[in-house]
Amino acid sequence: MVATSVVVLLLMQVSGAAVQSCLFLPNVHLVGGTVDEFPADEITACCVACSNSPCCIAYTFDSVRKRCFIKTSIGHSLEDYTMTSGLKQTSRKGFLGVTLKNTKIVGDNSNRLQLRSEEECRQYCQAYQVFSYGPQNEDGEPRSGECACTMRIKSISYHYGSTAEINPSQG
């Protein structure tokens, strides 16, 4: 299922030794991969819990039920105005975003083209906040893959062999 509305990225600083910042995806419900859930009054509790868990890559906060859902994987996303999801930041020097392996991000008005590598795609998409790169072939032979650049997310889904990156400091 694909979310039909555009999602805006929000980067929020959170106090606490283990957490530097949270990357929020308003109106997005990440489906699948839930390994833990607990009651919480606000989404920052989800961010802190995810940051402190080595297995967590994402979380979803239900604002109606006041619950956090900690994720170790993402199956797909749904549009849901009662949910806000978040992604754990990637630990890489000088990088303030998120890198997701085996994940494809679809955006609105994406700039799509065929490129030879993930790094080439990353360089091409420098002016955007989000890119997705995935090989077109299934046989394991090195060939060009689809590179898509966007500034807004419509959906996130599992896609073997793909890499997606969100870098809010770029845009």
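**Exercise 1. Which residues are linked with Glu 118 in a network of salt bridges?**

Solution. Before we start, note that this is a predicted model, where local features need pLDDT of at least 70, side-chain atom pairs count only at pLDDT 80 or more, and totals for chains, interfaces and linings use all residues. Residues are numbered from 1 along each chain as its sequence is written, and side-chain values use heavy atoms, with hydrogens and water left out.

Step 1. Fix the criterion: a salt bridge is a side-chain nitrogen of Lys or Arg within 4 Å of a carboxyl oxygen of Asp or Glu. The structure holds nine of them.

Step 2. Take Glu 118 with Lys 101, whose side chains meet at 3.5 Å, N to O. This pair links distant parts of the chain, 17 residues apart: Glu 118 sits in helix H2 (residues 118-124) and Lys 101 in strand E7 (residues 98-107). Helices (H or I, at least four residues) and strands (E, at least two) are DSSP runs, numbered from the N terminus.

Step 3. Add Glu 119 and Arg 122, with their closest N and O atoms 2.6 Å apart. Both belong to H2 and are three residues apart, about one turn of the helix.

Step 4. Assemble the answer: Lys 101, Glu 119, Arg 122 and Glu 165 are linked with Glu 118 in the network.

**Exercise 2. Sort the residues of these pairs by accessibility.**

Solution. Step 1. Set the classes: buried is under 20% relative accessible area, exposed over 50%, and partly exposed in between (1.4 Å probe, protein chains only).

Step 2. Apply them. Lys 101 is exposed because its value is 53%. Glu 118, at 21%, is partly exposed, and so is Glu 119 at 40%. Arg 122 has 19% and is therefore buried.

**Exercise 3. Which parts does the salt bridge between Lys 104 and Glu 146 tie together?**

Solution. Step 1. Check the contact: the closest N and O atoms are 3.7 Å apart.

Step 2. Locate the ends: Lys 104 lies in strand E7 and Glu 146 in strand E10, so the bridge joins parts 42 residues apart in sequence.

**Exercise 4. Place strand E9 among its partners.**

Solution. Step 1. Strand E9 covers residues 130-135, and five of its six residues are buried.

Step 2. E9 pairs with E10 (residues 145-150) in the antiparallel sense over six bridges; pairing requires at least two DSSP bridges between two strands. Here Tyr 133 stands opposite Cys 147.

Step 3. Four bridges join E9 to strand E11 (residues 153-166), again antiparallel, with Val 130 opposite Ile 166.
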